[in-house]
Amino acid sequence: MDVGVIGVGIMGRNHARVYSELKAVDSLHLFDLNEKAARDLAGAFEATASPTLESLLENVDAVSVCVPTPYHFSVAETVLDAGVPLLIEKPICATAEESRRLIEKIPDGLVAGVGHIERFNPIVPEIKKIVQRPLYIEMKRHNPASSRVSGSSVVEDLMIHDVDIMRNVLFPDGAYHLAGSGNEDVCSALFSFDGTPVYLSASRKSSKKIRMIYIEEEEFTVEGDFMAQEIYIHRKPGQYSVEDERYVQENIIEKVLVNKQEPLKLELSTFLDCAARGYGFPVSPAQALLNMEICEDVARCFAA
């Protein structure tokens with residue numbers, strides 16, 4: 001397939017790198033308003049720098065939209081008008097309202113997906129298989145300050161990944177109650193799904209990068225690390241005792257075998273397969289809209 005990347009910032013460069021490594025890609029085309037940046041990246045990956053967005057769309061079978069979030073709507077609209085299958089980096093648009101308007105413009109049968117990359121982290125399907133009746137769920141996503149993000153709060157920037165896993169993987173159905181607190185850079189949100197608390201926290205002020213999920217069930221506790229792609233299951237202790245006034249318990253800890261993969265490579269290869277076959281991408285625009293609606297609910301908790 002001939003593939004395009006629109007926008008060659010940090011995420012665009014990552015998309016270009018991965019596409020250059022995929023056997024399904026015959027030629028790679030890049031476009032950015034910064035023509036020099038596009039040419040430099042094209043030289044690094046034996047790609048073609050397109051002089052205009054329109055010329056890129058005339059030469060590709062599928063495209064990644066990696067421009068800054070405020071421009072997602074206008075660029076995606078141009079791609080849709082050209083009838084080219086597209087993958088839009090998350091969030092789908094800057095607002096839920098823009099997302100709804102964009103979804104209305106997607107022609108029937110055109111493959112359109114949204115790049116919620118953690119859905120392709122190999123620990124996510126494993127956790128889905130393990131979890132049965134969660135009593136408590138916690139997800140943390142904390143980052144040092146990043147210069148790449150502008151125009152969005154920590155909710156749309158970071159927490160949205162865990163919102164996607166919570167809503168579209170762990171609790172795809174049912175209403176929830178929500179309480180939240182925070183600001184543009186640090187936020188926490190407590191959801192309740194039929195009495196099960198789900199606590200999400202996100203920060204762009206941390207000195208330590210954290211990507212974790214913690215789930216308690218009646219008989220076991222699950223800990224997952226999204227970066228290390230590791231899952232541990234802690235079983236209920238078989239023995240409690242007090243020795244020399246010291247509390248002692250024996251635990252059984254299982255390490256789940258995870259087939260480690262680069263999530264972006266899995267995401268983009270899945271997208272190209274869907275585009276070639278006309279299949280729906282696993283992260284649909286409708287799911288991405290739902291994520292944005294929940295993020296806006298969270299943001300309203302601290303807007304006042």
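**A walk through the sheet and its helices**

Let's start with a sheet: six strands line up in the order β3-β2-β1-β4-β5-β6, pairing in parallel to make an open sheet. Bear in mind that you're looking at a predicted model. At the edges of this sheet sit β3 (48-49) and β6 (112-115), and each of these has a pairing partner on one side only. What holds strands together in general? Strands of a sheet pair through backbone hydrogen bonds, and they can do this in a parallel or an antiparallel way.

Now zoom in on one pair. Strand β1 (residues 2-6) and strand β4 (residues 62-65) run parallel, joined by four bridges. If you find I6, you'll see it standing opposite V65 in β4. Next, look at what packs on the sheet. Helix α1 (residues 10-21) touches β1, β2 (27-31), β4 and β5 (86-89), and its direction makes about 165 degrees with that of β1. Helix α4 (residues 72-81) packs on the sheet too, touching β1, β4 and β5. The direction of α4 makes about 175 degrees with that of β5.

Time to zoom out. Altogether, the chain has nine helices and 14 strands. Its radius of gyration is 21 Å, close to the 19 Å that the globule rule gives for 304 residues, so the chain is as compact as a globular protein of that length. Its C-alpha atoms fill a box of roughly 75 × 45 × 40 Å along the principal axes.

How much of the chain is buried? Buried residues make up 51% of the 304. As for the outside, the chain exposes about 14700 Å², with carbon and sulfur atoms supplying 49% of that area.

How values were computed. Residues are numbered from 1 along each chain as its sequence is written. This is a predicted model: local features need pLDDT of at least 70, side-chain atom pairs count only at pLDDT 80 or more; totals for chains, interfaces and linings use all residues. Side-chain values use heavy atoms; hydrogens and water are left out. Two strands pair if DSSP finds at least two bridges between them. Helices (H or I, at least four residues) and strands (E, at least two) are DSSP runs, numbered from the N terminus. Contact means heavy atoms within 4.5 Å. Axes are lines fitted to C-alpha atoms, for helices over the stretch in contact, and angles run from 0 to 180 degrees between N-to-C directions. The radius of gyration is taken over C-alpha atoms; the globule rule is 2.2 Å times the number of residues to the power 0.38. Buried means under 20% relative accessible area, exposed over 50%, partly exposed in between (1.4 Å probe, protein chains only). Accessible areas come from the Shrake-Rupley method with a 1.4 Å probe; for residues, only the protein chains shown count as cover.
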